[in-house]
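Open the model in your viewer and keep the sequence panel beside it. This tour goes stop by stop: make a selection, then read what is there.

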Amino acid sequence: MNVITILILLILGIILLIVEFMLIPGITVAGIASLLAFGTSIYFAFSYWGTLGGIITLVAVIIFVPVFLYFLFKGKAMQPMMLHSGIDGRIINFDHEIIKVGSEGITTSRLAPMGNIKINGTIIEARSKGNFVDPRTKVKIIKIEGSTVIVEPINS
């Protein structure tokens, strides 16, 4: 009966840990209950089997539970739940001969404060001086910092 109690507590701890990861992320009742189940199983192992049995159970919990969870989440059963997209961010370099301070263009999207502008047939990302700028508004480049173009609306 002692072995069954310890095994049930270990299995309960693993199930609650999976529930913590999959259904209720964060530190919740399932995670705390999982830790209590593991702790109780280790305590019972020390009580029933002595030091050697307790240490074996402790090592099993510390080593085998994370390994089990690693292979569980890396397996094919969990692949439909995994996010497989990547970030395709890039820096857009532009020709500093065509786009320079003082050039005028028109916004193609709202600058809030970032958006797109069209200058000399080239669409680039720009930042307004601080205010929102509506689409199809004439703007003027007032500053270029690296790859960031700062514009302000032209008052006509």
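The stops below follow a helix, its aromatic residues, a loop, a barrel and some backbone details.

**Stop 1: the bent helix**

Keep in mind that this is a predicted model. Select residues 29-74, which make up helix α2. Put a distance between the C-alpha atoms at its two ends: the span is only 25 Å. A straight helix of 46 residues would span 68 Å, at 1.5 Å a residue. Where does α2 bend? Go to Trp 49, where α2 bends by about 145°.

**Stop 2: an aromatic cluster**

Stay on the helix and show side chains. A search of the whole structure finds 3 aromatic pairs. Start with Tyr 43 and Phe 44, whose ring centres are 6.0 Å apart. Their planes meet at 50°, so this pair counts as tilted. Stacking would need planes under 30 degrees apart, and edge-to-face over 60.

Now add Tyr 48. Phe 44 and Tyr 48 form a stacked aromatic pair, with 5.6 Å from centre to centre and 25° between the planes. These two residues are 4 apart in helix α2, so about one helical turn separates them. Select Tyr 43, Phe 44 and Tyr 48 together: they form one aromatic cluster.

Turn on the surface. Which of these residues is exposed, and which are partly exposed? Tyr 43 is exposed, with a relative accessible area of 56%. Phe 44 is partly exposed at 23%. Tyr 48 is also partly exposed, at 38%.

**Stop 3: the loop after the helix**

Move on to Met 82, in the loop between α2 and β1. Met 82 is partly exposed, with 34% relative accessibility. Add Asp 95 to the selection. The two are 13 residues apart in sequence, and their C-alpha atoms are 40 Å apart in space.

**Stop 4: the barrel**

Switch to a cartoon view and colour by strand. How many strands close into the barrel? There are 5, in the order β1-β2-β3-β5-β4, and the pairing is mixed. From one strand to the next, the twist averages 55°.

Begin with β1, residues 104-107. On one side, β1 pairs with β2 (residues 114-119) in the antiparallel sense over 2 bridges. A hairpin of 6 residues joins β1 to β2. β1 also pairs with β4 (residues 138-145), again antiparallel, over 3 bridges.

Centre on Ile 106, which has a partner in each of these strands. In β2, Lys 118 stands opposite Ile 106. In β4, the bridge partner of Ile 106 is Lys 138.

Go next to β3 (residues 122-128) and β5 (residues 148-153). Parallel or antiparallel? They pair in the parallel sense, over 3 bridges. For a residue pair to click on, take Arg 127, which stands opposite Ile 150 in β5.

**Stop 5: a charge over a ring**

Select Arg 110 and Phe 132. The charged end of Arg 110 sits over the ring of Phe 132, at 4.6 Å from the ring centre.

**Stop 6: backbone details in the loops**

Finish with the backbone. Most residues other than glycine have a negative phi, and most peptide bonds are trans. The next selections depart from those habits.

Zoom in on Ala 112 and Pro 113. The peptide bond from Ala 112 to Pro 113 is cis, with omega near -15°. Pro 113 lies in the loop between β1 and β2, where the hairpin joins these strands.

Continue to Asn 120, in the loop between β2 and β3. Its phi is near 50°, a positive value in a residue other than glycine. Asn 120 is exposed, with a relative accessible area of 53%.

The last selection is Arg 136, in the loop between β3 and β4. The phi of Arg 136 is positive too, near 60°. Arg 136 is exposed, with a relative accessible area of 69%.

How values were computed. Residues numbered from 1 in each chain as written. Predicted model: local features only at pLDDT ≥ 70, side-chain atom pairs only at ≥ 80, totals over all residues. Heavy atoms only, no water. Expected span 1.5 Å × (residues − 1). Bend = angle between axes of the 7 residues up to and from the residue. Pairing = 2+ DSSP bridges. Axes fitted to C-alpha atoms, helices over the stretch in contact; angles between N-to-C directions. Phe/Tyr/Trp six-rings, centres within 6.5 Å; stacked < 30°, edge-to-face > 60°. Buried < 20%, exposed > 50% of the residue type's maximum accessible area, 1.4 Å probe, protein only. Lys NZ or Arg CZ within 6 Å of the ring centre and 35° of its normal.
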